[in-house]
Amino acid sequence: MKRAFLFAIFTLCIATCSIAKQPPGQQSLPRIAIAGIAIESSTFSPAHTEEAAFHAQYGTDLFSRYPFLSKDSPMLNRAIWIPTLGGHALPGGAVTRHAYESLVNKTLDSLKKHLPYDGLYFDIHGAMSVTGLEDPEGDFIERIRKVVGTKTIISTSMDLHGNVSWRLAANTDLITCHRMAPHEDAELTKRRAVENLLNRIESGKGKPLYKAYIAIPILLPGEKTSTRIEPGKSIYAAVEPASTQEGILDAAIWIGYAWADEPRNHAVVMVTGDDEQKVKKTAEQLAKKFWQLRNDFVFVAPTGSLKEALAKALASKVHPYFISDSGDNPTAGGAGDVTWTLTEILKNPAFKKQDGPSLFYASIPSPELVKKAIAAGVGKPVDGYAGAAVDARFAPPVHLSGTVQSIVYGDKDAEVEVVVKVGSVHVIVTKKRKPYHKEIDFTRLGLEPRKADIVVVKIGYLEPELYAMRADWLLALTPGGVDQNIEKLPYKRIKRPMFPLDKNMKDPDLSAKLVPLSDHLK
Ligand SMILES: [Zn+2]
């Protein structure tokens, strides 16, 4: 009995020692915590996000999020890692206060257990909205600071569509964000944040001495700011060379997030380093270039109304013709269940016949219709309603009466996906909402998008695989929680004047402000 007990204690120790305790011979390794949750949430959408949507992971499970911290990676051996809580939700509506407090408190409790820390890697998106709370990421890092103290070096990585408040900038020591949109460099960004943190700790240099911050009064939708085309391309191309200068540690430009209404929603430039003049000058150069080119931002694809998009797609000689149903893009924060576009498509006489032009529609959630389809079975007729459970502002639930083409189980987001053919339209109906970004998202349902005439996706700019597959493409300016025509949004709290909402703005003050170092935080 006693031996079994001792053995259990021994096994437990072996299991935990590798995380929080110093393995023998590694006494000099720094102790680095990992924390942070990520979501982009629209306050112009009636949807709400609960805790489960974050798929939170705890402790060593978090390593699976970071390939550069995989089992055999050299980086893993450079520190004693103390992962706490990490979570990533699909974009959506504002996070409930209860969900936010729960995730934050779990993180803080975990951090308290393993104090002290030489460093902390704060992995966030930066565009989280929480009901009844201003600047959630600023609130979160401030509460982390209160636990870890001011000596710990915090390195933050973000999405370039995140917002950097002064409070966030003051509480972090290192900060960076993506340099590509679409975010093909997502992993590189995180790796850079961790590499910079390790370098500063290992070299004994500690926190960078200067953090320059410039707020730029520009608010643009992501669909105008792709780095694949100008002017986003050259604005962002300047970041890497700026960041590798002597005396500079990192440089970053945030576009900001257009579908929330807080004073922090605007573009920002930040440069960190040890050379005061160079840090300030570099930030000012990047900000100036951004401001000078502001009038050149246009949508990354030709845009038009849905009516125009369908007419062009039907007349097109090349296929597949992609149409972005952009107003309800779930990966920007739309509810993902707006039925307006699908309703219009099904009304169109061109698609009424079974052998009409093939159109794939991705996607519309309806747990009820999925249940009916499962009960009916593949090849059988099904009839029911879909969508508009969350966002019914533009159209009511859409009536679908067709044949079940396929039923697929097991997707992490959708859980169950059903294809219902109505006329010549293949409608993907999901149990829960899911973005369709990859070819396999279609082929696993038995749909071959390359052979379709038209593919309509709730998306903004096409993600890389769809972009590569398109014969032609039009971004339809459809209604929803992330309406691309941001000038129509009822902003009340963002700073004004703001480009492009306020016409004939004077040139703003784009001189760099130095953010106080975190040592001076109370
Ligand atoms: Zn983004």
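The following exchange examines the cavities of a predicted model and a strand beside one of them.

Me: How do you know that the structure holds cavities, and how many are found?
Reply: A search of the whole structure finds two cavities of 30 Å³ or more. Each is called a cavity because a 1.4 Å probe fits there but cannot get out.

Me: What volume does the largest cavity have, and what makes a residue part of its lining?
Reply: The largest cavity holds about 50 Å³ of space. A lining residue has an atom within 4 Å of a cavity point; among those that qualify are Pro330, Gly336, Arg433, Tyr436 and Lys458.

Me: Why is Gly336 counted as polar, and how does the lining of the largest cavity divide?
Reply: Gly falls among the polar residues by definition, so Gly336 of this lining is placed there. The lining divides into six nonpolar, two polar and three charged residues.

Me: Which elements each supply at least two residues to the lining of the second largest cavity?
Reply: They are strand 8 (153-158), strand 9 (174-177), helix 5 (186-202) and strand 11 (248-254). This cavity holds about 40 Å³, and its lining comprises four nonpolar, five polar and two charged residues. Leu249 and Asp250 are among them.

Me: Why is strand 11 called mostly covered?
Reply: Buried means under 20% relative accessible area, and seven of the seven residues of strand 11 are buried; the strand is therefore mostly covered.

Me: What makes strand 11 and strand 12 a pair?
Reply: Pairing requires at least two bridges, and these strands have six, so they pair, in the antiparallel sense. Within strand 12 (residues 267-273), valine 271 stands opposite alanine 251.

Technical notes:
Residues are numbered from 1 along each chain as its sequence is written. This is a predicted model: local features need pLDDT of at least 70, side-chain atom pairs count only at pLDDT 80 or more; totals for chains, interfaces and linings use all residues. Side-chain values use heavy atoms; hydrogens and water are left out. On a 1 Å grid over the protein atoms alone, a cavity is a set of points where a 1.4 Å probe fits but cannot get out, and a pocket is an open set with protein on both sides within 12 Å along at least five of seven lines; lining residues have an atom within 4 Å of a point. Grid points are joined across faces, edges and corners, and a volume is the space filled by probe spheres set on the points. Helices (H or I, at least four residues) and strands (E, at least two) are DSSP runs, numbered from the N terminus. Buried means under 20% relative accessible area, exposed over 50%, partly exposed in between (1.4 Å probe, protein chains only).
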